[in-house]
Amino acid sequence: MSRVPREVQLGRRLLDHWRKRADDSRVDVIKLKLFITKRCNLDCVHCGIGGAKFDGNDELSTAEVLALWAANPRLQMLSLSGGEPFLRDDLVDIAAAVVEE
């Protein structure tokens, strides 16, 4: 049985938290900057990732990323960042789903 990476565990805990509080009027998250990958094909001096090699196995799934978006209906802005988000095969699917909603 494979170990679930810490980042995925934290993302899932955040998702569970938002699901529980989505109808709570005290919660008013309007912006979310989501690092959807650590993968990057560059080695920029200013970046903390710094060309480290990641295989993408520790990323949230497409469904989990979209669930984070959907978990709070008051969310007005979702910024997809990372490493290099364009290295995710599902980036267009994620962006399209967010725009359609």
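How much space lies in the largest pocket?

## Basis of the model

The model is predicted: local features require pLDDT of at least 70, and side-chain atom pairs count only at pLDDT 80 or more, whereas totals for chains, interfaces and linings use all residues. Residues are numbered from 1 along each chain as its sequence is written, and side-chain values use heavy atoms, with hydrogens and water left out.

## Largest pocket

The largest pocket holds about 270 Å³ of space. A pocket is an open set of points on a 1 Å grid over the protein atoms alone, where a 1.4 Å probe fits, with protein on both sides within 12 Å along at least five of seven lines; lining residues have an atom within 4 Å of a point. Grid points are joined across faces, edges and corners, and the volume is the space filled by probe spheres set on the points.

Of the 18 lining residues, Glu7, Phe35, Ile36, Asp58 and Leu60 lie nearest the centre of this pocket. α1, β1 and α2 each give two or more residues to the lining, with β1 providing the largest share, 6 residues. Helices (H or I, at least four residues) and strands (E, at least two) are DSSP runs, numbered from the N terminus. By class, the lining comprises 10 nonpolar, 2 polar and 6 charged residues.

## Salt-bridge network

The whole structure contains 3 salt bridges, each defined by a side-chain nitrogen of Lys or Arg within 4 Å of a carboxyl oxygen of Asp or Glu. Glu59 pairs with Arg39, with 2.9 Å between the closest N and O atoms. Both of these residues lie in the loop between β1 and α2, so the pair ties together parts that are 20 residues apart in sequence.

Glu59 also forms a salt bridge with Arg88, at 3.8 Å from N to O. Arg88 lies in the loop between β2 (77-82) and α3, so its pairing with Glu59 ties together parts that are 29 residues apart in sequence. Arg88 in turn forms a salt bridge with Asp90, the closest N and O atoms being 2.7 Å apart. Arg39, Glu59, Arg88 and Asp90 are thus linked in a network. Glu59 and Arg39 are buried (under 20% relative accessible area, 1.4 Å probe, protein chains only), as are Arg88 and Asp90.

## Nonpolar core

The largest nonpolar core (buried Ala, Val, Leu, Ile, Met, Phe, Trp, Tyr and Cys residues joined through side-chain atoms within 4.5 Å) has 16 residues, of which Leu34, Val65 and Leu78 touch the most other members. α1 (6-21), β1 (31-37), α2 (62-70) and α3 (91-100) each supply at least two residues, and α2 gives the largest share, 4 residues.

Definitions and conventions: Buried means under 20% relative accessible area, exposed over 50%, partly exposed in between (1.4 Å probe, protein chains only). Ala, Val, Leu, Ile, Met, Phe, Trp, Tyr, Cys and Pro count as nonpolar, Asp, Glu, Lys and Arg as charged, and the others, Gly among them, as polar.
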